[in-house]
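Please open the structure in your viewer and keep the selection panel at hand, since this tour moves from one selection to the next and says at each stop what is there.

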There are 4 protein chains.
Amino acid sequence: MRKKIDFNSDMGEAFGAYTMGLDEEILEHITSANIACGFHAGDPMVMRQTVQLAEERGVAIGAHPGLPDLMGFGRRDMAVSPEEAKSYITYQVGALTAFTKAKKLQHVKPHGALYNMAVRNKELAKAIAEAVKEFDKSLILVVLAGTEWVQIVQEVGVKVAREVFADRALNPDGSLVPRSKPGSVIHDLNEVVARSLKMITQGKVTAINGQEIAIQADTISLHSDTPGAVQLAKTLKEHLKAEGIEIAPIGTFL
Amino acid sequence: MRKKIDFNSDMGEAFGAYTMGLDEEILEHITSANIACGFHAGDPMVMRQTVQLAEERGVAIGAHPGLPDLMGFGRRDMAVSPEEAKSYITYQVGALTAFTKAKKLQHVKPHGALYNMAVRNKELAKAIAEAVKEFDKSLILVVLAGTEWVQIVQEVGVKVAREVFADRALNPDGSLVPRSKPGSVIHDLNEVVARSLKMITQGKVTAINGQEIAIQADTISLHSDTPGAVQLAKTLKEHLKAEGIEIAPIGTFL
Amino acid sequence: MRKKIDFNSDMGEAFGAYTMGLDEEILEHITSANIACGFHAGDPMVMRQTVQLAEERGVAIGAHPGLPDLMGFGRRDMAVSPEEAKSYITYQVGALTAFTKAKKLQHVKPHGALYNMAVRNKELAKAIAEAVKEFDKSLILVVLAGTEWVQIVQEVGVKVAREVFADRALNPDGSLVPRSKPGSVIHDLNEVVARSLKMITQGKVTAINGQEIAIQADTISLHSDTPGAVQLAKTLKEHLKAEGIEIAPIGTFL
Amino acid sequence: MRKKIDFNSDMGEAFGAYTMGLDEEILEHITSANIACGFHAGDPMVMRQTVQLAEERGVAIGAHPGLPDLMGFGRRDMAVSPEEAKSYITYQVGALTAFTKAKKLQHVKPHGALYNMAVRNKELAKAIAEAVKEFDKSLILVVLAGTEWVQIVQEVGVKVAREVFADRALNPDGSLVPRSKPGSVIHDLNEVVARSLKMITQGKVTAINGQEIAIQADTISLHSDTPGAVQLAKTLKEHLKAEGIEIAPIGTFL
């Protein structure tokens, strides 16, 4: 059993006059921030502000690059080639890095459809890892725990953080149940807490078909836009501390 | 009289299926490339390819950030605030940097309306310089020779390269005659060569009203999309060599 | 004194995953809806849904075209040519019309910076009016009351509705005090109601410098995103009814 | 054997400062123009100009709506829902219609990936047809000849034109061989002419595997961006005339 776990959350997903999420509140409770980079969400003003908020609170900063689909919030699969995906990652990771004081990120976590496509598409997964490696080989790439993606990234030679989702149902193969399907998002706070604890402390989780599957987590994803995310973070932190597990940025233990 | 001069050209202005300019040809004749960063032109695929072309030819690389106006090619003034301009510069400069092998640029040259607005607007000029300084204080900012912009950048503490245009007419105050006005672009190759030589070797140029004005040039802008740009570059180079002037990237002598 | 007045509100300003305004609530209290057309805000899904909401409630539908500046919510001046503005209007008005059952709109009201630029720029104002006339010469163009824009539209041969703002301060020449200036938006509900009543029933309003100016109103703009807009609409309606003034769509009395 | 055939071509695919295709030349040789609507290509200025060019030459006008993917020129599959596709069609068809003198189109032809996805996806094909029907039930929808798409459109109650491609290879099921595969585009002019004649006069074509398949054509697609398209159009027209076949817009015989 790991003695440390990271709490991550997507943020900086506002755009121009549009707001999204409760970044300031959730920042108090996480250790790693995945900041949108202007493709699926975020804009340069929002990026600067969000990076600054995270830096002020000592939260580790990562890029959250997405597909060039603002209208679909990066949630719609697009038939981008591995070369295109690679260049989109390079572009967005570079752009976000420029806003940090250190000119250095902790991690990269692909967003939405890009993340889900990487779970299924080896060439795409490899291209994303190569983009990260070429930009800064000390960066950590956050990928879905329990999937082949983990090995692909390791083979490219990039450090990997295995991510689990506090409130998302899983298929027996470890992939996320798509949001379009019933039961994909777990809304009951107690169940979310119980699942999260079991994943982190026992390395196990119950898939949507009732089957118990093994899962190894380095970081747990909390939603900044889910009502109750703050409450979830607090409750989870208390339970984990009681079990002797420390909440810390992935960069400190991977 | 300066013994060195830089030849720069805007490039990487293709977008998706759309082509623009003769980058490969003009790259043979310049020492510094201003590469579009995805706002007014360019996309991540084009940026990677253009950076690679410049690196292969040993041409120094700079960012050519523009306004978020692809439909207007960044040529239309927009009432962006200094804070917005600053963040747009940070974003685009970071994005382009990520595509270079060295993860380092030589210079930044604002594009189109952003460049022209900076000539007239002190606060904007200052914000752009601050963005450059915060990102990498060793970068050179390319600005219009003979304008107040030069001093503003120097006061911020950023190295400045004074740019002259081979084929653009000037107002008596040193600003560019807008493209919308007759006579703004000089099409006669002999005249373009003669003006360029006079600016570089004598530090003088004739404004559109016939008045002779003083001008100090560190770099001369050649258009990759002007028919005859390659011929101009060749002819100019020959004449300059004959005068004992070396063509070299600004980073080697500023 | 006019016996009828229209209540209009901007709406349909959501975009993709981003929400904006309280369209459903404010729709209960207005007679004309200005629906965003995808340039400064709105997208095809949002447009379809918003048109349907307005049709269900019997609220007259108009297009609310803006500048191609989603990142700036169409609030930043852009140096578009009259020809560009004309084509942007044609495009957006056509797009919105397609979502209506009747394939016909009641009116067009330019948004944000396009509206403000039309107040100051005769050529732009004329181009917008010509776009409306060419598309459907029975449409009403909503313009700022008390400005030269009214005459320009009439000269082109387009019906005009003079608009006043319930909660915006005015310069002595009738133009809106820009949002960037202090006092530009009036937040006190009682004052907003009192000003509105005076404009509608007496044809007078107090400018920001204290001067009383004449103003003729056909429609009053209520914000869907101002807290208290619904309360304002209700209160205003009661007072107007007590004065014998009917609230009705501009298309029924112009 | 049909005695009439339509020649169609995609056009108006420029965007801002970017040019594309040889619209003016190809317009001399076609009877129906498919004009881009601003999503995959085209902008309001280009649309107005292209509509005007087509009107001046008496070429029938249709909308050529695409996916919201300018960077990919609408050629990349996107997982848009049928509802999204429907609204994207409504929006773009409405926008283009607004630029025509008659405020009426002849036809609608989906572009690129949207076209190819409709060949494979019944729900999407149905949604597109419904968008066309709701907008104007007299419009003709241009679809790929020899596919199930033909029936789907007819069942919705929309007039259908069966399209064949002069220079594209076909799979045995009648679908287009994707551009990414070798042999997808036929470059030999003689072969393109021979294939076209056989399709139009005999209702037959040879698939990429050598198999002869039946095909019924109402309109033949000529590319405005293929070198030799003008020559192809001329040659084809001569041969068809010699066979007693008239070239006419689909609207005149469907």
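By what turn, and with what shift along the axis, can chain D be laid on chain C? Before answering, keep in mind that you are looking at a predicted model. Select chains C and D together: a turn of 180° with a shift of 0.0 Å along the axis lays chain D on chain C, and the RMSD is 0.0 Å. The two copies are therefore related as by a two-fold rotation axis. To find where that axis passes, select D:Ala95, whose C-alpha lies 2.1 Å from the axis and comes closest to it among the residues of chain D.

**The contact of chains D and C**

Stay with these two chains and colour the residues that touch, and you should find 21 residues from chain D and 21 residues from chain C in the contact. Because 100% of the interface residues of chain D are also interface residues in chain C, the copies meet through the same surface. About 1800 Å² is buried between chain D and chain C, and 67% of this area is on carbon and sulfur atoms. Now select D:Met45, D:Arg48 and D:Tyr91, which supply 35% of the area that chain D buries against chain C, more than any other three residues.

Next, look for charged partners across this interface, where two salt bridges are found between chain D and chain C. One to display is the salt bridge between the side chains of C:Arg48 and D:Glu134, with a distance of 3.5 Å from N to O. If you then show the secondary structure of chain D, the elements that give two or more residues to the side touching chain C are helix H2 (44-56), helix H3 (82-99) and helix H5 (122-135). Which element gives the most to that side of chain D? The answer is H3(D), with eleven residues. As a last item here, eight residue pairs are in polar contact between chain D and chain C, counting pairs with both residues at pLDDT 80 or more.

**The contact of chains A and B**

Hide chains C and D for the moment and bring up chains A and B. A rotation of 180°, with 0.0 Å of shift along its axis, superposes chain A on chain B with an RMSD of 0.0 Å. In chain A, the C-alpha nearest this axis belongs to A:Ala95, at 2.1 Å from it.

Where the chains touch, 21 residues of chain A are in contact with 21 residues of chain B. Here 100% of the interface residues of chain A are also interface residues in chain B, so these copies meet through the same surface. Chain A and chain B bury about 1800 Å² between them, with 68% of it on carbon and sulfur atoms. Select A:Met45, A:Arg48 and A:Tyr91 to see the residues that supply 34% of the area that chain A buries against chain B, more than any other three residues.

How many salt bridges are counted between chain A and chain B? There are two. In one of them, B:Arg48 is paired with A:Glu134, the closest N and O atoms being 3.5 Å apart. Another salt bridge is formed by the side chains of B:Glu134 and A:Arg48, at 3.5 Å from N to O. B:Glu134 lies in helix H5 (residues 122-135) of chain B and A:Arg48 in helix H2 of chain A, so this pair joins two chains. Eight residue pairs are also in polar contact across the interface of chain A and chain B, with both residues at pLDDT 80 or more.

**Rings and charges**

Keep chains A and B on screen and select A:Phe39, A:Tyr88, A:Tyr91, B:Phe39, B:Tyr88 and B:Tyr91, which form one aromatic cluster. Over all chains, the count comes to 24 aromatic pairs.

For the next stop, select B:Lys109 and B:Tyr115, where B:Lys109 lies over the face of B:Tyr115, at 5.9 Å from the ring centre. Then bring chain D back and select D:Lys109, which lies over the face of D:Tyr115 at 5.9 Å from the ring centre.

To finish, show the whole structure again and display its salt bridges, of which there are 60 over all chains.

Conventions:
Residues are numbered from 1 along each chain as its sequence is written. Chains are lettered from A and ligands numbered from 1 in the order in which they are written. This is a predicted model: local features need pLDDT of at least 70, side-chain atom pairs count only at pLDDT 80 or more; totals for chains, interfaces and linings use all residues. Side-chain values use heavy atoms; hydrogens and water are left out. Copies are superposed by least squares on the C-alpha atoms of residues with pLDDT of at least 70 in both. Contact means heavy atoms within 4.5 Å. Rings of Phe, Tyr and Trp (its six-membered ring) pair if their centres lie within 6.5 Å; planes under 30 degrees apart count as stacked, over 60 as edge-to-face and the rest as tilted. A charge sits over a ring if NZ of Lys or CZ of Arg is within 6 Å of the ring centre and within 35 degrees of the ring normal. Buried area is the accessible area (1.4 Å probe) that two parts lose on being put together, summed over both. A salt bridge is a side-chain nitrogen of Lys or Arg within 4 Å of a carboxyl oxygen of Asp or Glu. A polar contact is a pair of N or O atoms within 3.5 Å; within protein, one must be able to donate a hydrogen and the other to accept it, and residues adjacent in sequence count only if both atoms are side-chain atoms. Helices (H or I, at least four residues) and strands (E, at least two) are DSSP runs, numbered from the N terminus.
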